[in-house]
Amino acid sequence: MSARFDGKVVVITGGSRGQGASHAERLASEGADVLCGDVLDEVGEEMAAGLRAKNLRVTYQHLDVTSSDDWATAMAWCDERGRLDVLVNNAGIIHVNPLTEETLAGWNQTMAVNATGTLLGMQAAVPLMRATGGGSIINVASIFGVAGADGYIAYTASKGAIIAMSKTAALELAKDKIRVNSICPGGVSTPMNENEPEGGVVPQTPLGRRAHVSEISGAIAFLASDDAVFVTGTELIIDGGFLAK
Ligand SMILES: NC(=O)c1ccc[n+]([C@@H]2O[C@H](COP(=O)([O-])OP(=O)(O)OC[C@H]3O[C@@H](n4cnc5c(N)ncnc54)[C@H](O)[C@@H]3O)[C@@H](O)[C@H]2O)c1
């Protein structure tokens, strides 16, 4: 039996560690040829080598999502393979500052990586997806793009922007059979939240824990696959019930 992503080419940003690395392993284990881009080059090279040792097709390449030149290099890698089927705009940074103390530099940096990086990724991917008859773009937002988060003004703005622009992109790209969705994880155990105050969002999470990265990868695999062929312009909340209250 063939695997869901046999013959498919996938790009994942922020793929050196955390959720991105887990998505790479999941999609490659279902047959995909995966490019992971990140700014943590040593970590990324090691991660990709580890997955190749498991006979998975995973390549690491430097990709700062705020750089148009880096996006061009990533698309050149896809051009060599003649296609791009799935783009996961997963790279992101957390930034803590309340409204009245936020700086222009902090705001701009957070928006640049989380929001502008997602925009540049979609712009880079569309021509090749169009040329090969479609694709799936998954943009990683957060529960804090839906709900407010005390002390995280720039982060919440950037994640809200991701949800909103995913919907507009879905409308604009539907005629090209390119689906665009966002996901809104709740707390996930990754290096991003290892310095969070005790418990983080866990006390407000009905399931009483953070997600394991693999539990987010299952949702990514669904949205990336033809199982989600009629799913576009939506946000999939994966939060252990956090937003249900
Ligand atoms: N961990 C959580 O609880 C949580 C919850 C909701 C949403 N998210 C989102 O999930 C995504 C993945 O985060 P994670 O939890 O795996 O954390 P992480 O910090 O382990 O991973 C984020 C990755 O993005 C990379 N990155 C940062 N700036 C970049 C840039 N300019 N270009 C390319 N890569 C860059 C980092 O180097 C890192 O490898 C992020 O968008 C994050 O905002 C995380």
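Strands here are DSSP runs of E, at least two residues long, numbered from the N terminus. By that rule, Thr13 sits in strand β1. One caution before we go on: this is a predicted model.

Let's stay with Thr13. Is Thr13 buried or exposed? Its relative accessible area is 1%, and the cut-off for buried is under 20%, so Thr13 is buried. Look at what surrounds the residue. Beyond its sequence neighbours within four places, Thr13 is in contact with Gly37, Leu63, Val65, Trp71, Val88, Asn89, Asn90 and Ala91. One of those contacts deserves a closer look. A polar atom of the Thr13 side chain lies 2.8 Å from the backbone nitrogen of Asn90. Keep Asn90 in mind. We come back to that residue with the ligand.

Now the strands. β1 covers residues 9-13, and β2 covers residues 33-38. The two pair in the parallel sense, over 5 bridges. To find the register, start from Val11: its bridge partner in β2 is Leu35. What links these strands? Helix α1, residues 18-29, completes a right-handed β-α-β unit with β1 and β2. A second crossover follows: from β2 the chain passes through helix α2, residues 41-52, to β3, and this one is right-handed too.

On to β3, residues 58-62. β3 runs parallel to β2, and 5 bridges join them. Here the register can be read from Val34, whose bridge partner in β3 is Val58.

So much for pairing; next, burial. How many of the residues of β2 are buried? The count is 6 of 6. Take the strand face by face. On one side we have Asp33, Leu35 and Gly37, all buried. On the other side we have Val34, Cys36 and Asp38, and these are buried as well.

Helix α2 gives us another covered residue. Leu51 lies in that helix. With a relative accessibility of 6%, Leu51 counts as buried. Its contacts, leaving out neighbours within four places, are Ala21, Ala24, Glu25, Leu56 and Val58. Note Val58 in that list. That is the residue that bridges to Val34. For a long-range check on your screen, the C-alpha atoms of Leu51 and Thr110 are 30 Å apart, with the two positions 59 residues apart in sequence.

Now the ligand. Which of the 28 residues around the ligand come nearest? They are Arg17, Gln19, Asp38, Tyr155 and Thr190. Asp38 we have already met, as a buried residue of β2.

Three polar approaches are worth showing. A polar side-chain atom of Arg17 is 2.7 Å from a ligand oxygen. Asp64 places a polar side-chain atom 3.0 Å from a ligand nitrogen. And here is Asn90 again: a backbone N or O atom of this residue lies 2.8 Å from an oxygen of the ligand. How much of the ligand does the protein cover? On its own the ligand has 820 Å² of accessible area, and the protein covers 94% of that.

Stay around Arg17 for a moment. Pro191 is in contact with Arg17 and Gly18, setting aside neighbours within four places. Pro191 belongs to the loop between β6 and α6. At 28% relative accessibility, Pro191 counts as partly exposed. Its C-alpha is 17 Å from that of Glu45, and the two are 146 residues apart in sequence.

Then comes helix α6, residues 213-224, which holds Val213. Val213 is buried, at 14% relative accessibility. Outside its close sequence neighbours, up to four places away, Val213 touches Gly18, Gln19, Ser22, Val188, Ser189 and Thr190. Gln19 and Thr190 also appeared among the residues nearest the ligand. From Val213 to Val202, 11 residues apart along the chain, the C-alpha separation is 15 Å.

Last topic: backbone angles. Most residues other than glycine have a negative phi. Two residues here need a second look. Asn55 is not a glycine, yet its phi is positive, about 65°. Where is Asn55? It is in the loop between α2 and β3. Asn55 counts as exposed, because its relative accessibility is 73% and the cut-off is over 50%.

The other is Lys177. Its phi is about 60°, again positive, and again this is not a glycine. Lys177 lies in the loop between α5 and β6. This lysine is exposed too, with a relative accessible area of 61%.

Key
Residues are numbered from 1 along each chain as its sequence is written. This is a predicted model: local features need pLDDT of at least 70, side-chain atom pairs count only at pLDDT 80 or more; totals for chains, interfaces and linings use all residues. Side-chain values use heavy atoms; hydrogens and water are left out. Buried means under 20% relative accessible area, exposed over 50%, partly exposed in between (1.4 Å probe, protein chains only). Helices (H or I, at least four residues) and strands (E, at least two) are DSSP runs, numbered from the N terminus. Two strands pair if DSSP finds at least two bridges between them. A crossover is right-handed if, with the strands pointing away from the viewer, the path from the first strand over the helix to the second runs clockwise. A residue is near a molecule or strand if one of its heavy atoms lies within 4 Å of it. A polar contact is a pair of N or O atoms within 3.5 Å; within protein, one must be able to donate a hydrogen and the other to accept it, and residues adjacent in sequence count only if both atoms are side-chain atoms. Accessible areas come from the Shrake-Rupley method with a 1.4 Å probe; for residues, only the protein chains shown count as cover. Contact means heavy atoms within 4.5 Å.
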